[in-house]
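This briefing is meant for a reader meeting the structure for the first time. Please look over the sequence and the model before reading the notes.

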Amino acid sequence: MRCPCGCGDRIELIILKEARPRWDVSVNKAREPSLRPSVWRKSGCTSHFWVREGRILWCE
């Protein structure tokens, strides 16, 4: 996915069950994705956000 802050960086999240760290993806009936846990970039733009039901929720 592209970073939602607009910096244009590509973010790769590992969703394999045996990987650490990893993210869990769920999709609701409207096909809107959610990710768990939050995404926190440690370099670049350092964005920190949640993806909930297809929406970006910024952490402050």
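**Contacts of P4 and S47**

Leaving out residues up to four places away in sequence, P4 touches F49, I56 and W58. The model is a predicted one. The chain has five strands and zero helices, and the notes below go through its parts by topic.

- P4 belongs to the segment before β1, a strand that covers residues 24-27.
- P4 is partly exposed because its relative accessible area is 30%, and the limits for that class are 20% and 50%.
- P4 and S47 are 43 residues apart along the chain, and 8.5 Å separates their C-alpha atoms.
- S47 sits in the loop between β3 and β4.
- S47 counts as buried because its relative accessibility is 8%, and buried means under 20%.
- Apart from neighbours within four places in sequence, S47 is in contact with C3, C5, V39, W40, R41 and W58.
- W58 is thus listed among the contacts of P4 and among those of S47.

**Overall layout**

- Along the sequence, the strands give the pattern β-β-β-β-β.
- Measured in the sense of a box along the principal axes, the C-alpha atoms of the chain fill roughly 30 × 25 × 20 Å.- That box is a computed value, taken from the C-alpha atoms of the predicted model.
- Of the 60 residues in the chain, 22% are buried.
- Taking contacts between residues at least 6 apart in sequence, 22% join residues at least 24 apart.
- The chain exposes about 4,900 Å², and 51% of this is supplied by carbon and sulfur atoms.
- The chain holds 12 positive and 7 negative charges, and the mean positions of the two sets are 3 Å apart.

**The hairpin of β1 and β2**

- β1 and β2 pair over four bridges in the antiparallel sense.
- The two strands form a hairpin, with five residues between them.
- R31 lies in the turn of this hairpin and has a positive phi of about 65°.
- V27 has P33 in β2 as its bridge partner.

**The three-stranded sheet**

- Three strands make an open sheet in the order β3-β4-β5, with antiparallel pairing.
- β3 (39-40) and β5 (55-58) are the edge strands, as each pairs on one side only.
- β4 spans residues 48-52, and four bridges join β4 to β5.
- Within that pairing, V51 stands opposite I56 of β5.
- In a regular strand, side chains alternate between the two faces of the sheet.

**The nonpolar core**

- Which residues make up the largest nonpolar core? The seven are C3, I11, W23, L35, V39, F49 and V51.
- Nonpolar side chains tend to be buried together in soluble globular proteins.
- Apart from neighbours within four places in sequence, C3 is in contact with D9, I11, R41, C45 and S47.
- I11 is therefore both a contact of C3 and a member of the core, which is defined by buried residues joined through side-chain atoms within 4.5 Å.
- F49, another member of the core, is one of the residues that P4 touches.

**Backbone features**

- Where are the cis peptide bonds of R20 and R36? R20 is joined to P21 by a cis peptide bond with omega of about -10°, and R36 is joined to P37 by a cis peptide bond with omega of about 0°.
- P21 is in the segment before β1.
- P37 is in the loop between β2, which covers 33-36, and β3.
- T46 is not a glycine, yet its phi is positive, near 60°.
- T46 is in the loop between β3 and β4, the loop that also holds S47.
- T46 counts as partly exposed because its relative accessibility is 44%, whereas S47 counts as buried at 8%.
- E53 also is not a glycine, and its phi is positive at about 50°.
- E53 is placed in the loop between β4 and β5.

Methods. Residues are numbered from 1 along each chain as its sequence is written. This is a predicted model: local features need pLDDT of at least 70, side-chain atom pairs count only at pLDDT 80 or more; totals for chains, interfaces and linings use all residues. Side-chain values use heavy atoms; hydrogens and water are left out. Buried means under 20% relative accessible area, exposed over 50%, partly exposed in between (1.4 Å probe, protein chains only). Contact means heavy atoms within 4.5 Å. Two strands pair if DSSP finds at least two bridges between them. Accessible areas come from the Shrake-Rupley method with a 1.4 Å probe; for residues, only the protein chains shown count as cover. Lys and Arg count as positive and Asp and Glu as negative; His and the chain ends are not counted. The place of a charge is taken as NZ of Lys, CZ of Arg, CG of Asp or CD of Glu.
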